[in-house]
Amino acid sequence: MSLLDRYIHEVGRFLPRKKRGSIQAELRSSVIDTLEGRFGPEPDQDQVAEILLEFGKPRDVAASYHPRGQYLVGPGLYPLFQMVAWIVVAAVLGAQLLAFGVSAFIAGEPFSALETLASLVSSVPAALGWLLITFMILQYFDAKPSLEEDPWDPKSLPELNPEQELKKGELILGLVGGILILVLLTLFPQWVGFITAPGGKFYPNPVILDYLVLIQISLLATILMNIYLLWKGSWTFLTRVIKLGLDAFGVVILAFLIQGHNAWLVANGSSGVMVISTIESNNWELVGMHAFRLAFVVAFIVTVIEIFATIYRMVRSKMASDVSAKDFVLKVE
Amino acid sequence: MENTQSEQYQKLTQELRRGILVLAALSQLEEEKYGYSLISSLAEQGLDIEQGTLYPLLRRLEEQGLLKSEWNTEGSRPRRYYQISSKGSQVLGNLTEEWRNLTNVMEKLLAGISS
């Protein structure tokens with residue numbers, strides 16, 4: 001096989017199947033034209049090599065026929081890919097550790113550090129692999145993030161308003177925490193409860209199971225909102241209103257849960273708050289339900305405070321944008 | 001250091017030239033030409049284009065509808081001939097006008113600079 005045949009074949013290896021034949025034929029014809037133009041009808045192998053060197057490495061020649069470049073994940077999708085990748089890594093690590101925690105401390109299965117490590121080493125690359133495949137498909141179809149407005153309007157740039165700035169770290173932490181709890185509630189609902197000691201008797205919490213669907217809906221909505229916020233990069237009036245709505249929904253669910261625990265405790269002869277005698281009675285089921293109720297009361301108070309804080313931020317944000325507009329008018333004047 | 005500067009200069013020159021290749025190619029394809037004949041024609045008039053740059057460019061322009069092509073098997077071996085399309089002619093007219101404006105502006109901008 002001649003040097004030219006080998007070169008054309010090698011270029012073809014890196015070309016898309018659909019265009020391969022046509023590009024190879026044209027390339028061959030062009031190389032021969034160049035050879036004839038420079039060295040006459042019967043060039044020797046050194047002269048062929050000289051011309052092929054001018055055309056370039058087979059891989060580079062093939063790459064020049066890809067106008068959009070050869071990306072698995074191109075520059076347009078990469079920022080989103082990077083952000084989702086970190087969230088996936090955190091969620092997978094958390095879910096794995098949670099699963100091991102559940103099996104070791106609740107089911108009482110023996111804990112192997114080596115097995116845990118091996119599982120982490122295989123699951124993280126697998127999750128990232130699936131993510132990459134998803135983005136490769138998006139790249140192949142030249143998908144653009146749908147929230148990117150096209151055509152872009154400079155007036156849509158967010159106002160310089162510190163009240164609208166996101167605390168990304170907090171948001172990602174909340175996102176990962178939300179995903180973990182959702183995974184736990186969805187995959188291991190039977191393990192929602194309390195335990196006296198590692199491997200000891202386990203008491204499921206019957207009240208939480210009653211409201212499981214509502215809790216899952218609330219968590220999922222919050223996760224979706226956090227992803228949307230990460231994408232947008234700042235708070236807007238609308239996202240604050242949505243957050244208010246979700247918090248209010250959370251408060252209602254927490255109220256149901258507290259009410260449910262009250263009813264359960266009354267039915268089991270332990271109304272009122274948890275006292276020392278309850279703990280001393282060694283009735284762990286009662287102690288556990290008291291502890292759950294206390295945790296929900298704390299969450300209820302925190303969420304109510306959060307609602308007021310959100311309203312306060314909305315007012316401050318409105319005032320700040322009014323002030324910056326006035327500053328602008330003053331500067332212009 | 002000198003090598004780096006020379007590489008930098010080469011890259012800048014390449015970028016500068018890359019912008020005019022479409023206009024140069026379209027301007028020479030009123031009559032149909034095959035790749036090598038186009039390269040020769042441009043080189044004769046003082047514009048050297050690398051083979052690896054021109055061939056993919058021709059295909060891209062064809063995909064955009066600015067050129068049309070066909071294989072001609074009448075000569076000693078098959079060759080792919082390219083010719084400007086009607087859409088390409090319109091684009092060539094617009095690009096030419098743009099180029100003349102640009103050269104006017106650049107001439108004014110560079111008037112005081114000694115080479």
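A nonpolar core, as the term is used here, is a set of buried Ala, Val, Leu, Ile, Met, Phe, Trp, Tyr and Cys residues that are joined through C-beta atoms within 7 Å. The model described in this report is predicted, and the largest such core in it has 27 residues, of which A:Val11, B:Ala25, B:Leu29, B:Leu54, B:Leu58, B:Leu61 and B:Leu67 touch the most other members. On the side of chain A, the elements that give two or more residues to this core are helix H1 (3-13), H2, H3 and helix H4 (58-63), and they are joined on the side of chain B by helix H1 (2-27), H2, H3 and S3. The largest share of the core comes from H3(B), with five residues.

**The two chains**

Chain A has 333 residues, of which 14% count as buried, and its secondary structure comes to twelve helices and two strands. Read from the N terminus, the elements of chain A follow the order α-α-α-α-α-α-α-β-β-α-α-α-α-α. Chain B has 115 residues, of which 20% count as buried, and its secondary structure consists of four helices and three strands, arranged from the N terminus as α-β-α-α-β-β-α. Among contacts between residues at least 6 apart in sequence, 76% of those in chain A join residues at least 24 apart, whereas the corresponding value in chain B is 42%.

**Where chain B touches chain A**

The contact between the chains involves 13 residues of chain B and 15 residues of chain A. Within chain B, helix H2 (35-44), helix H3 (51-63) and strand S3 (79-84) are the elements that give two or more residues to the side touching chain A, and H3(B) gives the most, with six residues. Sorted by class, this side of chain B has four nonpolar, four polar and five charged residues. H3(B) therefore appears in two roles, since it gives the most residues to the side of chain B that touches chain A and also the largest share of the core.

**Helix packing**

Three helix pairs, two in chain A and one in chain B, can be set side by side.

| Helix pair | Crossing angle | Axes | Classes in the contact |
|---|---|---|---|
| H1(A) and H2(A) | roughly 145° | within 10 Å | five nonpolar, two polar, two charged |
| H2(A) and H3(A) | roughly 125° | within 10 Å | six nonpolar, two polar, one charged |
| H2(B) and H3(B) | about 120° | 10 Å apart | five nonpolar, two polar, no charged |

H1(A) passes H2(A) in a right-handed crossing, and the contact is made by A:Leu4, A:Ile8, A:Val11 and A:Gly12 of H1(A) together with A:Arg20, A:Gln24, A:Leu27, A:Arg28 and A:Val31 of H2(A). A:Val11, one of the residues in this contact, is also among the core members that touch the most others.

H2(A), which covers residues 17-39, and H3(A), which covers residues 45-55, cross at roughly 125°, and that angle makes H2(A) oblique to H3(A). The crossing of H2(A) and H3(A) is right-handed, with A:Val31, A:Thr34, A:Leu35, A:Arg38 and A:Phe39 in H2(A) meeting A:Gln47, A:Val48, A:Ile51 and A:Phe55 in H3(A). A:Val31 thus takes part in the contact of H2(A) with H1(A) and in the contact of H2(A) with H3(A).

In chain B, H2(B) and H3(B) pack at an angle of about 120° and are therefore oblique to each other, and their crossing is right-handed. B:Gly35, B:Leu38 and B:Ile39 in H2(B) meet B:Gln51, B:Leu54, B:Tyr55 and B:Leu58 in H3(B); B:Leu54 and B:Leu58 are also among the core members that touch the most others.

**Two residues of chain B in detail**

B:Leu29, another of those core members, touches B:Leu67, B:Tyr82, B:Gln83 and B:Ile84 when residues up to four places away in sequence are not counted.

B:Arg80 lies in strand S3 of chain B, and B:Arg80 is classed as buried because 20 other C-beta atoms lie within 10 Å, the cut-off for a buried residue being 20 or more. Apart from neighbours within four places in sequence, B:Arg80 is in contact with A:Glu26 and A:Ser29 of chain A, and with B:Tyr34, B:Ser69 and B:Trp71 of chain B. The C-alpha atoms of B:Arg80 and B:Lys33 are separated by 8.2 Å, although these residues are 47 residues apart along the chain.

Technical notes:
Residues numbered from 1 in each chain as written. Chains lettered and ligands numbered in written order. Predicted model: local features only at pLDDT ≥ 70, side-chain atom pairs only at ≥ 80, totals over all residues. Contact = placed C-beta atoms within 7 Å. Nonpolar A, V, L, I, M, F, W, Y, C, P; charged D, E, K, R; others polar. Axes fitted to C-alpha atoms, helices over the stretch in contact; angles between N-to-C directions. Parallel < 35°, antiparallel > 145°, perpendicular 65-115°, else oblique. Left-handed = near helix turned anticlockwise from the far one by under 90°. Buried ≥ 20, exposed ≤ 12 C-beta atoms within 10 Å, placed from the backbone.
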